[in-house]
Amino acid sequence: FFSAKRRPAGRRPARRAPLCPFSPLLSMFGLPGGFGSRGFQDSFRCHSVSLLAAEQQRDASRLEYSDKIILPPSCLEKLAQLEIQYPMMFQIANPRAMERKLHCGVLEFIAQEGMAYLPYWMMENLRVSEGDIIQLRSVNLNKGSYVKLQPQLTDFIKISNPKVVLEQSLRNFSALTKGQTFRILYNKKKYDIGVVEVKRHGGDFAPGQPQAVCIIETDMQLDFEAPADYVEPPRPAKTPTPPSASPLSKSPVLQPMGAPVLDGDSSEEEEAAPSFIGSGFRLDGKAIKPPKAKASPAAQGGQAVGGGSGEAAATRLGVRIGPSGEVLSGAAPSGGQTLGGGAGGAAGGGGSL
């Protein structure tokens, strides 16, 4: 009763698409359930978080010096329906310059619909202005294991402990992307820090994959590179020291002393200067007696040994011989004669040696 048509050999029946009127809408938001599973993706007009802080009278430093963005409440509803891995990570791109991409986290969902608030340093990296369009999509980032940072100013390394300051400041950040320059605040002064290199746990990055890591609750090695404006001082060129500049050239041993001068008087011929040339006085007011002249040895009688007369005690020897040849131990008797022919007081004509 039924006529069956045979299909040609080699042809397979075409698969019919599911009849679901909400398929385009679900695919646009990437909802799971057999219609494809994609992450969150949307476009927003960006504004600085300083504008939101001024409107709500909040502390702008808490919003500005971090990498957290503020999204509308509708984004939270869409993200709740997706299989989003926590913590939520996003990639921000500039549609006019897709090579400029950053990775960040989210702080709150209180922005106006169709708007996203970003820290101003992120807008500078993306090269966007107030009201420009940005593209936002959710991503999964691996934990970071190594990061090398480069301060943009030499003033940062003059801080007493820059590594501790940076570790404290990075607690306000969620992700780091190679090539970005983020901003921190310390002692009411702003410092820009560049990301030179990042490494992740689990191996190297795939070709074409953005080099970005998550830094939340991870042990990461931190390294520094010389500041961008650092200029190494030139080393002085080593020039040979001339002989005249050598310290040995000033030594008196090496210098010629010159010919001696013999025109002056000899020190032996110089007369000794008198020690005192004034006059004295007595305390009682009496006249000063002139000093007595000392008698010369020849005026005190006796003839010295060798024919000279002088004091017997000074010129006579200690041994006396009497008239009979005996040795006298006492005083010489009268009439004695001293050696040398001098007349003395020795008795008996004896001569004393």
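1. A good place to start is how the chain holds together: in the protein chain, residues 24 or more positions apart account for 67% of the contacts with a separation of 6 or more. Please keep in mind as you read on that this is a predicted model.

2. Next, the overall make-up. The protein chain contains 7 helices and 19 strands. Of its 353 residues, 29% are buried. The chain exposes about 24600 Å², and 54% of that area comes from carbon and sulfur atoms.

3. Strand β7 deserves a look in your viewer. Spanning residues 144–151, β7 is mostly covered, with 6 of its 8 residues buried.

4. Which strands does β7 pair with? One is β10 (residues 189–200), joined to β7 by 7 bridges in an antiparallel arrangement. Here you can find Pro151 opposite Ile193 in β10. Another is β12, which runs parallel to β7 and is joined to it by 4 bridges. In this pairing, Lys148 stands opposite Asp223 in β12.

5. From β12 you can move on to a loop and the surface. Phe281 sits in the loop between β12 (221–224) and β13 (303–304). Is Phe281 buried or exposed? Phe281 counts as exposed because its relative accessibility is 69%, and the cut-off for that label is over 50%.

6. Phe281 also has company at the surface: together with Leu283 and Ile288, Phe281 makes a nonpolar surface patch of about 440 Å². If you have the structure open, colouring these residues is a simple way to find the patch.

Notes: Residues are numbered from 1 along each chain as its sequence is written. This is a predicted model: local features need pLDDT of at least 70, side-chain atom pairs count only at pLDDT 80 or more; totals for chains, interfaces and linings use all residues. Side-chain values use heavy atoms; hydrogens and water are left out. Patches are made of residues with over 30% relative accessible area and no salt bridge: like charges are joined within 9 Å, nonpolar side chains (Val, Leu, Ile, Met, Phe, Trp, Tyr) within 5 Å. Accessible areas come from the Shrake-Rupley method with a 1.4 Å probe; for residues, only the protein chains shown count as cover. A salt bridge is a side-chain nitrogen of Lys or Arg within 4 Å of a carboxyl oxygen of Asp or Glu. Helices (H or I, at least four residues) and strands (E, at least two) are DSSP runs, numbered from the N terminus. Buried means under 20% relative accessible area, exposed over 50%, partly exposed in between (1.4 Å probe, protein chains only). Contact means heavy atoms within 4.5 Å. Two strands pair if DSSP finds at least two bridges between them.
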